[in-house]
Amino acid sequence: MTAMARAENKVEAGSTAQLLAALAKAFREQQELTQEELGKRIGYTGSAISAMETGAQPASDKMLAKLEETIGGGLGIFEKARRFVLLDKYPAQFKNFALVEQEAVTLSSYQTILVDGLFQTPEYARALIGGGFPKLPEEKVEELVEARLARRALFDRADPTPMIELILEESVLRRPFGSWEVLHGQLRSLAEDAERDNVSVQVVSLERGLRAGHAGAYGDMKLVKTKEHHDVVYIEVQDESLLVSDPAKVSLLAHRYAKIRTQALSPDDSLSLIRKLAGEERT
């Protein structure tokens, strides 16, 4: 591999991760711990601590939690920073929406190709991210998978509890990534999420287009109502994104989404289909 290729494949530490690395080193030295000693206390090697402190490998969410417990001194610095470190790891086109999603009071997603990232299993996310083009280095794949899975915290957030709705094209449920086992695991996880009190999942039948049109022909979108009662729509295609906040445009897209919902199977029928395709129900 050339020097240029190695540079392109290197996992870069964002500004937040760099600041935390400096703080972790200062806290460690203040407590007179070597990198090996700190690593042993939190379940990592001394080399992993060194890589974190130099920025060669930014701290994972798990490592930050362990640093808080071990050398945080009750200040909550590493705990509070976890959210911002994760933002550093998201793809550039998703960062602005990531903050909006975290604060969502209601989140309504319509997906035509993939299971929404919020609902993805580790194996499904890894197959998607690792199988994309151009290929990413394994370290970057794992970093993006970790950041994607961290979004699932929204399901369990309280005060206020978000209402989350997902509408999927049936083709999404039939499209494997990685292996059929990965898909079936994703469908089982999706069925479990659909049974949460604050979650609704609906499926648009493959045959929808045979009846009086299909309102979802324009593609994916996510609608969000924030804590401040602002309504926005997020659209992403080919690594480019658009965050729509103009009231007239948001209203049009919201009406289109509402039409898609009326054209989808009921939540109960959708759950039955998901379970059947996951192999949990007989045809």
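The buried residues of helix α8 pack against two other helices, α9 (138-150) and α11 (180-194). That is a handy place to enter this predicted model. Helix α8 itself spans residues 122-130, and its buried residues are Y124, A125, L128 and I129. Why do they sit on the same side of α8? Because they cover an arc of only 120 degrees around the axis, they share one side of the helix.

Now for the sheet. Six strands form an open sheet with mixed pairing, in the order β3-β2-β1-β4-β5-β6. At the edges are β3 (199-204) and β6 (240-244), each of which pairs on one side only. From one strand to the next, the twist averages 15 degrees.

Let us look at one end of that order. Strand β2 (residues 163-169) pairs with β3 in the parallel sense, over six bridges. Among the residues involved, L166 has V201 in β3 as its bridge partner. Helix α11 comes back into the picture here: α11 packs on the sheet and touches β2 and β3.

Another helix to follow is α7 (residues 92-102), which lies across β1 (104-111), β4 (221-226), β5 (231-237) and β6. The table sets out how α7 and α11 meet the sheet.

| Helix | Strands met | Angle |
|---|---|---|
| α7 | β1, β4, β5 and β6 | about 145 degrees to β5 |
| α11 | β2 and β3 | about 130 degrees with β3 |

Helix α11 thus links the two parts of this tour: the buried residues of α8 pack against α11, and α11 also packs on the sheet.

Notes: Residues numbered from 1 in each chain as written. Predicted model: local features only at pLDDT ≥ 70, side-chain atom pairs only at ≥ 80, totals over all residues. Heavy atoms only, no water. Buried < 20%, exposed > 50% of the residue type's maximum accessible area, 1.4 Å probe, protein only. Helix = DSSP H or I, 4+ residues; strand = E, 2+ residues; numbered from the N terminus. Arc of directions from axis to C-beta. Contact = heavy atoms within 4.5 Å. Pairing = 2+ DSSP bridges. Axes fitted to C-alpha atoms, helices over the stretch in contact; angles between N-to-C directions.
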